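This report covers the ligand shell, the contact between domains and one helix. The sequence and structure come first.

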Amino acid sequence: MLINGQAQDLLSVSDRGLQYGDGLFETLAVIDGVPALLDRHLQRLQAGCQRLKIDCPDIGLIKQEIALEAKAVVRGVLKVIITRGSGGRGYNPADAAQPSRIIYTAPWPEYPDNYRTEGVNLRLCRTRLGWNSQLAGIKHLNRLEQVLARAEWRETTISEGVILDTSGQVIEGTMSNIFAINGSEIATPKLDQCGVAGIMRGVVIEVAQSLGYQVSEQRISVAQLKQAEQLCCTNSIIGIWPIRRFEDVHYAVGRFDQQLLEGVMALGFSHEQAASR
Ligand SMILES: Cc1ncc(COP(=O)(O)O)c(C=O)c1O
C-alpha cells in the first residue's frame with residue numbers, strides 16, 4: 001500500500017476522507033500487472049476532483065504509483081483514493097493541507113465464472129438514493145446509501161440489488177450500473193441527480209452502439225425493468241453480468257447477445273485477457 005508515495009498503511013485521523021468522506025475513489029481490475037481502463041478511471045477521478053474542488057495530485061505521479069503497486073498482481077483489484085487531506089475548520093475545506101493519495105491492491109473477489117454466462121439474481125432494495133446533482137455521476141467517498149442497501153440481504157443466491165431514487169425511478173445496482181435490453185434498443189438510467197456513472201457503463205454504451213444498438217439514457221421505472229426482454233449489470237470488476245431473475249421475473253439469459261458480452265469483456269479487460277477466459 002502506498003500513502004502519499006510511501007509504503008505505509010496509516011493515515012491521520014484528521015484526514016477529511018475519514019472525517020467527512022471528503023474525497024473520491026476508483027476501483028480497477030488488474031490483470032497480468034496491467035490496470036484495465038486506466039485512462040478512463042483517471043479521467044473520472046480528475047472530473048470528480050474538479051467537481052469537489054480538490055486539487056488533484058499529479059496524474060503522472062498517480063500513474064507511476066499505480067504501476068508500482070500493480071506490477072506483481074496477476075489478477076486483482078486496485079483501489080485509488082484521493083482525499084482533500086487533513087485540516088480546514090470543521091466542514092470548511094479552506095486551509096486543508098495537501099490532498100492525500102492512497103493506492104493499494106486487494107485479491108480478486110471470488111465470483112463464480114458462470115455468473116457471466118448463466119447470469120445472476122437481482123433483488124429490489126428498499127434503501128433509496130437522495131438527489132444531489134452536484135454529486136451525481138462522480139465516485140465520491142460517501143457510500144452509506146450503498147452500505148445500507150447491501151445490508152438488506154444475506155442470501156448468497158442474490159448477487160446484486162437494484163436501488164431506486166427517492167422518486168421511485170431505477171438508478172443503479174448497489175455496486176453496478178443497470179441496462180434494459182429490448183430488441184435493438186438498450187436503455188440505462190439517467191444519472192443527472194444521483195448514481196455513479198460507471199466506467200464499464202461507458203464501455204457497454206460504446207460497444208452496444210458499435211454493434212448497432214440504439215442506446216439511450218432515460219428515466220426507467222421498476223415496471224419497465226420487469227417488462228424488459230433482458231437485463232444486465234456492469235462494473236469494472238465484474239465486467240458484464242446478464243440478469244437471470246429480478247424479483248419474481250425470469251429472463252432468457254441463453255439468448256443474451258454474446259457479441260455484446262464478448263465485446264465488453266474484450267474492451268474492458270483487453271483482447272488477450274478476454275480470450276483466455
Ligand atoms: C454505486 C455504484 N454504481 C456503479 C458502479 C460501477 O462503476 P464502474 O463501472 O466504474 O466500476 C459502482 C462500482 O463500484 C458502484 O459502486
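In the classes used here, Ala, Val, Leu, Ile, Met, Phe, Trp, Tyr, Cys and Pro count as nonpolar, Asp, Glu, Lys and Arg as charged, and the others, Gly among them, as polar. The model is predicted.

On that basis, the shell around the ligand has eight polar, four nonpolar and two charged residues. Val196, Gly198, Met200, Asn235 and Ser236 come nearest of the 14 residues around the ligand. Two or more residues of the shell are given by each of α6 (199-210) and β15 (230-235). The largest share, three residues, comes from α6.

The chain is divided into domain 1 (2-107) and domain 2 (114-275), and the C-alpha centres of the two lie 25 Å apart. Their contact takes 21 residues from domain 1 and 14 residues from domain 2. On the side of domain 1 that touches domain 2, β3 (23-31) and α2 (38-52) are the elements that give two or more residues. β3 gives the most to that side, with eight residues.

The two sets of residues divide by class as follows.

| Set of residues | Nonpolar | Polar | Charged |
|---|---|---|---|
| Shell around the ligand | four residues | eight residues | two residues |
| Side of domain 1 that touches domain 2 | eleven residues | six residues | four residues |

Helix α8 (residues 258-269) has twelve residues; at 1.5 Å a residue it should span 16 Å, which agrees with its end C-alpha atoms because these are 16 Å apart. The buried residues of α8 are Leu260, Gly263, Val264, Met265, Leu267, Gly268 and Phe269.

Notes: Residues numbered from 1 in each chain as written. Predicted model: local features only at pLDDT ≥ 70, side-chain atom pairs only at ≥ 80, totals over all residues. Helix = DSSP H or I, 4+ residues; strand = E, 2+ residues; numbered from the N terminus. Expected span 1.5 Å × (residues − 1). Buried ≥ 20, exposed ≤ 12 C-beta atoms within 10 Å, placed from the backbone. Near = placed C-beta within 6 Å. Domains from an automatic or database assignment. Contact = placed C-beta atoms within 7 Å.
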